[in-house]
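Visitor: I am in my first year and would like to learn how to read a protein model step by step. Could you take my questions one at a time?

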Amino acid sequence: MSESSVETLSVALFSEMFMADQLARNRLSKALPKGMELSHFSVLNHLARLNEEKSPAQLAKAFNVTRGAMTNTLSKLEWAGHVHIRPDWDDARRKFVTISPSGRSARDAALQVITPIIGNMVTKIGTENVRNVLPVLREMRQLLSEME
């Protein structure tokens, strides 16, 4: 494949990825329960899946955002009663975050509204096509993560 063909393919790939990301975020954000932002759902979903305490710094790293941005998200989630934030008993400068029962309920409610949207897309695209593209997307994510 020529260099210009690789460049054209690269531009097309990233254009499609960015547009799909923007459209998916917009569609899912509109479907989320009132007051819940996509960043809130993402953190709640992450904490629910892990089912263990994480520090704000660990969460910021996992989501590739600044500590300040994560602190802002966590403050909103704590205010809503969706997470518990406690001090580290060994180092008072650090904190630990866990999902609360209310946070699990909010996450579950959000999943109920967004799962059909994503499921409908998977059905239209075809489960075999989705299974085939997942390894490629994972590898791209890993390569991008390693570039940081």
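What follows is a conversation about this predicted model, in questions and answers.

Visitor: In what order do the elements of the chain run, from the N terminus on?
Guide: It helps to begin with the inventory, since this predicted model has a chain with six helices and two strands. The C-alpha atoms of that chain fill a box of roughly 60 × 35 × 20 Å along the principal axes. Read from the N terminus on, the elements run α-α-α-α-β-β-α-α.

Visitor: What share of the residues in the chain is buried?
Guide: A residue counts as buried when its relative accessible area is under 20%. The chain has 148 residues, and the share of them that is buried comes to 25%.

Visitor: Among contacts with a separation of 6 or more, what percentage comes from residues 24 or more positions apart?
Guide: One pair shows how residues can be far apart along the chain and still be placed in relation to each other in space: Arg27, which is found in helix α1 (residues 3-31), and Ile114 are 87 residues apart along the chain, while their C-alpha atoms are separated by 9.0 Å. For the chain as a whole, counting contacts with a separation of 6 or more, the part that comes from residues 24 or more positions apart is 52%.

Visitor: Is Arg27 buried, exposed or partly exposed?
Guide: Buried residues lie under 20% relative accessible area and exposed ones over 50%, with a class in between. Arg27 has a relative accessible area of 45%, and therefore its class is partly exposed.

Visitor: How long does helix α4 reach from its first C-alpha to its last?
Guide: Helix α4 covers residues 67-79, which is 13 residues, and at 1.5 Å a residue a span of 18 Å is expected. The model comes close to that expectation, for the reach from the first C-alpha to the last is 18 Å.

Visitor: Within what arc do the buried residues of α4 fall, and what covers them?
Guide: The buried residues in α4 are Met70, Thr73, Leu74 and Leu77. Seen down the axis of α4, these buried residues fall within an arc of 95°, so they line one face of the helix. What covers them includes α2 (38-50), α3 (56-63), β1 (83-87) and β2 (95-99).

Visitor: Against which elements do the buried residues of α3 pack?
Guide: In α3, the buried residues are Pro56, Leu59 and Ala60. Viewed down the axis of α3, they fall within an arc of 100°, so they too line one face of their helix. The elements that these buried residues pack against are α2, α4 and β2.

Visitor: Which residues does His46 touch, leaving out those up to four places away in sequence?
Guide: His46 is found in helix α2, and with a relative accessible area of 15% it is buried. Leaving out residues up to four places away in sequence, the residues that His46 touches are Leu59, Ala62 and Phe63.

Visitor: Are α2 and α5 roughly parallel or roughly perpendicular to each other?
Guide: Two packed helices are described by the angle between their axes and the distance between the axes. The axes of α2 and helix α5 (residues 101-125) come within 9 Å and cross at roughly 110°, and the contact is made by residues including Phe41 and Leu44 of α2 and Ala110 and Ile114 of α5. Angles from 65 to 115 degrees fall in one class, and α2 and α5 are therefore roughly perpendicular.

Visitor: Is Asn51 buried or exposed?
Guide: Asn51 lies in the loop between α2 and α3, and its phi is near 55°, a positive value in a residue other than glycine. Its relative accessible area is 56%, and residues over 50% are placed in one class. Asn51 is therefore exposed.

Visitor: What value does the phi of Asn64 take, just after α3?
Guide: Asn64 is found in the loop between α3 and α4, and at 54% relative accessibility Asn64 counts as exposed. Just after α3, Asn64 takes a positive phi of about 55°.

Visitor: Is Ser100 buried or exposed?
Guide: Ser100 has its place in the loop between β2 and α5. Leaving out residues up to four places away in sequence, Ser100 touches Gly81, His82, Val83 and His84. Its relative accessibility is 2%, so Ser100 counts as buried.

Key
Residues numbered from 1 in each chain as written. Predicted model: local features only at pLDDT ≥ 70, side-chain atom pairs only at ≥ 80, totals over all residues. Heavy atoms only, no water. Helix = DSSP H or I, 4+ residues; strand = E, 2+ residues; numbered from the N terminus. Expected span 1.5 Å × (residues − 1). Buried < 20%, exposed > 50% of the residue type's maximum accessible area, 1.4 Å probe, protein only. Arc of directions from axis to C-beta. Contact = heavy atoms within 4.5 Å. Axes fitted to C-alpha atoms, helices over the stretch in contact; angles between N-to-C directions. Parallel < 35°, antiparallel > 145°, perpendicular 65-115°, else oblique.
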